[in-house]
Amino acid sequence: MTDAPLLHVAGLEAGYGELQILFGIDLRVDRGEQILVFGPNGAGKSTLIKALAGQVAPSAGKVWLDGREVTGRKPEALAAAGLGYVPQVANVFTSMSVRENLEIGGVRLSARRRRARIAELGDLFPRLAERLDQRAGTLSGGERQMLALARALMPEPSVMLLDEPSAGIAPALVTRIFEMVAGLRETGTAVVMVEQNAKQALGYVDRGVLLDSGRVRLQDGAAALCDRQDIGALYLGTEAAS
Ligand SMILES: Nc1ncnc2c1ncn2[C@@H]1O[C@H](COP(=O)(O)OP(=O)(O)OP(=O)(O)O)[C@@H](O)[C@H]1O
Ligand SMILES: [Mg+2]
């Protein structure tokens, strides 16, 4: 065992064609640690998650997962190395059943292990367990988001990348989804989550990273960030003290 971080990002730069979006991103995520990436629209939060998931190629910098350099690896290779990814949109196969979606998530597992994981995730997501044969396209927005999470959890990733898991979901279910994410701590799964709902999400994670114009502006413990009135007023939608 080493005390190297589970996910280590150094000087990461990425963008789309000529357009550079991320500038010198440094990030360390420890085993089982939960991190919120927050910041204004267009800051590059989704681009960071996509770069970590292998969906956007980095133009500079390095990424290590579990001590192994994985810079520029393809999404499938990263998934095999223990990285789970739930994109912001289009994150389930709508024409397939809930069970089939979960099976696809566990495609690299043995048939026996796959069945066991579907049963385990059914305990964690009872709403899904009741709807295994339902077409994913007929699920409610919240149920669909739970399916996307469960599908990514099938192979027991060591780190989960979540892009706006609460987007478009009713408040009662948002709390439920944040509780599930926080519950991953017990399984040792690390989380890097992006949330529009940053103020509420900070209540569930260990640390927050503020991204603005493609740069990490500051990072601190979640509680410390909640207490910072300047951060609250600028980025969390809370009132500044007068
Ligand atoms: N496929 C793309 N091609 C070109 N530019 C893109 C592409 N995707 C995103 N961008 C641009 O990159 C910048 C950062 O976008 P990104 O989606 O990473 O922001 P974000 O922080 O996730 O924003 P939001 O809070 O709105 O989700 C934006 O200016 C966006 O227009
Ligand atoms: Mg985004």
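## A first look around the model

The side chain of Glu143 comes within 3.0 Å of the backbone nitrogen of Ser140. That makes a handy place to start exploring this structure, which is a predicted model.

**Around Glu143**

Glu143 sits in helix H6. Is it buried or exposed? With a relative accessibility of 6%, Glu143 counts as buried, because the cut-off for buried is under 20%. Its side chain also meets that of Arg131 in a polar contact of 3.4 Å. Leaving out residues up to four places away in sequence, Glu143 touches Arg127, Leu128, Arg131 and Leu173. Here are the two side-chain links of Glu143 with their distances:

| Link from the Glu143 side chain | Distance |
|---|---|
| Backbone nitrogen of Ser140 | 3.0 Å |
| Side chain of Arg131 | 3.4 Å |

**The nonpolar cores**

Now for the greasy parts. The largest nonpolar core has 44 residues, and Phe125, Met160 and Met193 have the most contacts inside it. Helix H6, residues 141–153, supplies the largest share of this core, with seven residues. What does Met160 touch, once neighbours within four places in sequence are set aside? Its contacts include Leu149, Ala152 and Leu153, along with Gly84, Val86 and Leu184. Thr189, Ala190, Val191 and Val192 are on the list too. There's also a second, separate core of 30 residues, with Val37, Ile49, Leu65 and Val192 among them.

**The magnesium ion**

Which protein atoms act as donors to the magnesium ion, ligand 2? They are OG of Ser46 and OE1 of Gln88, at 2.0 to 2.8 Å from the ion. Ser46 belongs to helix H1 (residues 45–53), while Gln88 is in the loop between strand S6 (83–86) and helix H3 (98–105), so the pair ties together parts that are 42 residues apart in sequence. As for Gln88, its relative accessibility of 34% makes it partly exposed.

**The four-stranded sheet**

Four strands form an open sheet in the order S2-S1-S4-S5, paired in the antiparallel sense. Strands S2 (19–29) and S5 (68–69) are at the edges and have a single partner strand each, so one side of each is left without a neighbour in the sheet. S1, covering residues 7–16, pairs with S2 over seven antiparallel bridges. One bridge matches Tyr16 with Leu19 in S2. H1, for its part, packs on the sheet and touches S1, S2 and strand S4 (58–65). The direction of H1 makes about 115 degrees with that of S1.

Conventions
Residues numbered from 1 in each chain as written. Chains lettered and ligands numbered in written order. Predicted model: local features only at pLDDT ≥ 70, side-chain atom pairs only at ≥ 80, totals over all residues. Heavy atoms only, no water. Core = buried A, V, L, I, M, F, W, Y, C linked by side-chain atoms within 4.5 Å. Buried < 20%, exposed > 50% of the residue type's maximum accessible area, 1.4 Å probe, protein only. Helix = DSSP H or I, 4+ residues; strand = E, 2+ residues; numbered from the N terminus. Contact = heavy atoms within 4.5 Å. Donors = N, O, S within 2.8 Å, 3.2 Å for Na, K, Ca; no water. Pairing = 2+ DSSP bridges. Axes fitted to C-alpha atoms, helices over the stretch in contact; angles between N-to-C directions. Polar contact = N/O pair within 3.5 Å; in protein donor to acceptor, adjacent residues only side chain to side chain.
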